[in-house]
Every structure is written in structure tokens, then in C-alpha cells.
Amino acid sequence: MQSDAIKHFVIIGGGTAGWLAAATLANIFKQTEVQITLIESDTIGIVGVGEATIPPLLDSIRALGIDEAEFIKATQATFKWGIKFEDWYQTGQSYFHPFGSLGKRIDGHEFYQCWLKSRAEGDPTPLMAHSPEAVLAEHNRFFLPFKAINTPLASARYALHLDSTLVGQYLRQFSENLGVTRIEGLVEKVIKTAGGDIASVRLQSGQVVNGDFFIDCSGFRGLLIEESLQSGYDDWSGYLPCNRAVTVQTDNVGEPSPYTVATAKDAGWTWRIPLQHRTGNGYVFCDKYCSDDQAINTLLGSIEGEPLNTPRVIPFVTGMRKHPWKNNCLALGLAQGFLEPLESTAIHLVSKTLALFVRLFPDRHCNELLRNEFNRRVQADYEEIRDFLILHYCTTQRNDTDFWQYCRNMTIPDSLQQKLDLFKVAGGLIPADEALFQPTSWYAVYTGMGIIPDSYNPTVDALHYPTLKRSLDSGRQAIFNIVQQQPHHQAFIDQYCRAMKPG
Ligand code: FAD
């Protein structure tokens, strides 16, 4: 080990972010002397939401060597092909945002351009008839894509709905087995060196914990990154006005859907996330247009099963820390920033920023160039997701409430306006290589929100149209046929990963 290497990591916080950080570092340093200590307070507890995920999270779980079926059983998880958006464009209309890719290139031409051309020729086939995930979701089916080699379903991607408390417990066990030390206690004071780095933290019990590098996973407050290091916060609530959520858990009613449902309401939107043992529900809203009591009533009026707990209100400010990594402190999870959960991106951002940190791993001096590059890239990730979320709101045709009128008329970032303008010309869309949301995602939301380009790419006219149409039709039919042969979501869970009944 090099002499300046970090020898002791101290993580503050035992929510999903804290335990994911502990598990990742413990897995990397399992054959070494590097110490990892996690401090969490049972009195404060965790935020206890964060139950819908996106596919990269499963990659992170697999990278830890965790068996997927075992993880699913332990976290009461169900499968997710994407998100169904109801009433966003107009009341009564819905669309699906699937993971994975959409259709196939035809003679080298982009699928979406071929679909646009066919549409211009009068073909009424919906875009989502070409998405394996959307068709699987519509028919409530599930299977493992790697078992469908040589079929149109092989490229399908899925994620999980999971119980966030059970995820924390699972990752805690995993980390402790690899040698992570857990301390239960309340951090009362953060002690800094003369140079401004964090030297140690003192607990209410009087115990002092020293470390070389600190990871702040203390939740919204940002105990180290903000309260001690004063990173500063970029507030984006002008673009994404929702600033509170009310949540409640309910009994399951019927079989779980293999997708999240996000339904637009008068002052925001509600989620429904089915797990094996219960359903998670929430209403994300803006307090300028809706009181807590009104939000609770809206949520209780939209749930299907019996409530299992009292509704809980969680305030938040959309945005991110100006310096997610400052001095010898990295902020993760809610301590790093928060973009509302419409596209289930928060836990993914924890694992993505952890992976970036590993790529730019520092020694005890925390080279400024590494830090700056890290902060620049994290900011780009947040801005990309922010713009994608705004797209769901600013393109609405709804004007039935003050909230939706605000969303229709609000100023949007130039970065999003440029994307929208380019797309409207001829479906132009070139996301960055490492962008989270690839073309399928943008096509799904644009189309669902009624934005169709004025024309298609003229190179598609080089294709013989009847051949193009036959190719589109046969691709769509192949997806439809194979989907019918797959098991229902519940049947698949029963056979592959049924969890024990809690209790
Ligand atoms: P927390 O869970 O709040 O944990 C903070 C930890 O810090 C706790 O262990 C606490 O005890 C500890 N702590 C704080 N202060 C001290 C102290 N002084 N001393 C010792 N310990 C301390 N994400 C998704 O990916 N998908 C979703 O569907 C989703 N939905 C969400 C819905 C809502 C309404 C909200 C608010 C968030 C949602 N998220 C979602 C985000 C997700 O919940 C979080 O990213 C995730 O739970 C990680 O939280 P965390 O670990 O950063 O913070």
C-alpha cells in the first residue's frame, strides 16, 4: 500500500446511501488493512422511502457478488419494466416509459426515424408496440431476458421495486460480514484540522472517531458537507416546483404490476410501487398549490388497499450541493442532492457517484484535479436528470389547475430548450455517451407528451417503403408473439424468488 493511501474511511449515516457506500468500499478493500466505520443513529432513523429503482442498480448489486434471487427475496422485491405515466399529457391519457431499446435499425437507419416515416405514410402503430418492455408490462408478464437469447426479448432491461428498510438491513449484513464496523450513536460535533479538513467526529456518548476520509450520508441535512464544510446548495425548485411528499403503505390488492404507476394530480403526482408484501404509495406535491391535509386526502383517495401506517409528510428542496466532494469529504445520497423521484434516479445516483469516486480514487491529499473532475461530472449527471424530469412537466397540455398552468408556462433551462428545439425539427437527439437517459427514454416521453417532430430524417427516403413497413410489422409481431409465451409476473415471482411472509 502506498504511504499516502487512505487507511480509514468514516461513513456518517446508515440509510441506503451509507450502507451502499460501506458495501462498495468493503468489497474493494476486503483483502487489505483499510478500515471502514459507519456511524448511524437509531434515534434519527432513515428516510425510509426510495423503493423504485432503475436497471443500473442491479448491475451494482451484481458487481458486489450478491445473488439476485437471494436479494429479491430478502427485500420483498418485485420486477419493473418501466413507468406508466397517467394523466400527464391530458387527463385520461397515459403512456409508458420502458427501459431498454426500441425496435431495430433497418438497413442501418435508426429505428425511430423509420417509425416516423411510416407514421408520415399513415401507419397508426404506436411507438410502444416496438418496445419489448412496454408490451410485457401491458400484458403483465415477466421473464429473465438472458434466457430469451435469439428472441426480440433478449435486449429487455428490468429493475426492481424493493423495500428500502430491508435493503439497508441486507447491505448492513453484507458489509459487516466483510469487516465494516458499525457504531450506533448520534454525531454531536464535527472536528476540523487547521487546514479545514475533517479530522474526527464526536458522538453524544463522548466517543471520538478519527478518520482519513469521511463520507457524508446523513440525509438532507448534510451534517458534514453543509453544516460543517458549507458546500452551498443549488436550488432548482423554480424548474421542479414540487417540494413535499406524503407517503403511506397499503395492503396489496390483486397481483403486482411489473411497472411503477405515476399519476398526475392537481398539484403534483402520486406513485404506486407494488412489493411482494405490501404496496408503497406517495403524493409528491408543491405546497404553494396544496396544503398537507389536502395532499393526505388526495393520496388516501387514490390508494387501493387498506393503509398500514399513518401518512407521513417529507419536505425537500430540489437541487444539489455546489461541491459534492469538498476537502476530505464526499457527500452521497440525500446529503448530496435531491431530484424528485419521478424517474426513480436517487439510489442510482448513489451507486453512479460511488463508481465515479472509485475511478477517481484519491489518496489522503485529495488532489484538487480529481475533486474538480468528480464535481463537474456529478453536476452534469444531475443536470441531465433535472432536464429530463422537467420535460415531463413543461410539455403538459393540462391547464385545469394553477399548478399545471405554472408548469406549462415556466422558464426552462437553455440546455433543455435546445434539446426540445432540435428534436422538433426532425427527431434529432444525440445524448452524451455516459448519459443515463438514452434515446428510448427521450422518445418515450416526447411521444407520450405529444411531441412529434415536424419531419423525419430525409435519408430514410432511400429505403423502399413497402420493405421498411414489412420490417416494422414483422418486428412488432415477433415481440407480441413471444410476450404471450411468457409467465405472468406473479407466477414468475412464485417460481423464482418468492419471499417469506413477514412477521
Ligand atoms: P437517509 O435514509 O435519510 O439516512 C440518513 C442517515 O444518517 C440515517 O441513518 C441517520 O440515522 C443518519 N444520521 C443523520 N444525522 C446523524 C447524526 N447526527 N448522527 C448519526 N447519524 C446521523 N430514490 C429512488 O431511487 N427511488 C425512489 O422511488 C425514491 N423515492 C423517494 C421518495 C421520496 C419522497 C424521497 C424523499 C426520496 C426518495 N428516493 C427515492 C430517494 C431515496 O429515498 C434516498 O436516496 C435513499 O433512501 C438514500 O437516503 P440516504 O441514505 O441518503 O438518507
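**Exercise 1.** Which backbone atom type of Ala-17 lies close to an oxygen atom of the ligand, and at what distance?

*Solution.* The model is predicted, with local features needing pLDDT of at least 70 and side-chain atom pairs counting only at pLDDT 80 or more, while totals for chains, interfaces and linings use all residues. Residues are numbered from 1 along each chain as its sequence is written, and side-chain values use heavy atoms, leaving out hydrogens and water. A backbone N or O atom of Ala-17 lies 3.1 Å from a ligand oxygen atom, and a backbone N or O atom of Val-47 lies 3.0 Å from an oxygen atom of the ligand. The protein covers 97% of the 1000 Å² of accessible area (Shrake-Rupley method, 1.4 Å probe) that the ligand has on its own.

**Exercise 2.** How many nonpolar, polar and charged residues does the shell around the ligand have?

*Solution.* Begin with the 34 residues that surround the ligand, each having a heavy atom within 4 Å of it. By class, 19 are nonpolar, twelve are polar and three are charged, where Gly counts as polar and Asp, Glu, Lys and Arg count as charged.

**Exercise 3.** At what angle do helix α9 and helix α11 pack?

*Solution.* Using axes fitted to C-alpha atoms over the stretch in contact, with angles from 0 to 180 degrees between N-to-C directions, α9 (residues 368-394) and α11 (residues 414-426) pack at about 65°, their axes 10 Å apart. Their contact (heavy atoms within 4.5 Å) includes Arg-386 and Asp-387 of α9 and Lys-419 of α11.

Methods. A polar contact is a pair of N or O atoms within 3.5 Å; within protein, one must be able to donate a hydrogen and the other to accept it, and residues adjacent in sequence count only if both atoms are side-chain atoms. Helices (H or I, at least four residues) and strands (E, at least two) are DSSP runs, numbered from the N terminus.
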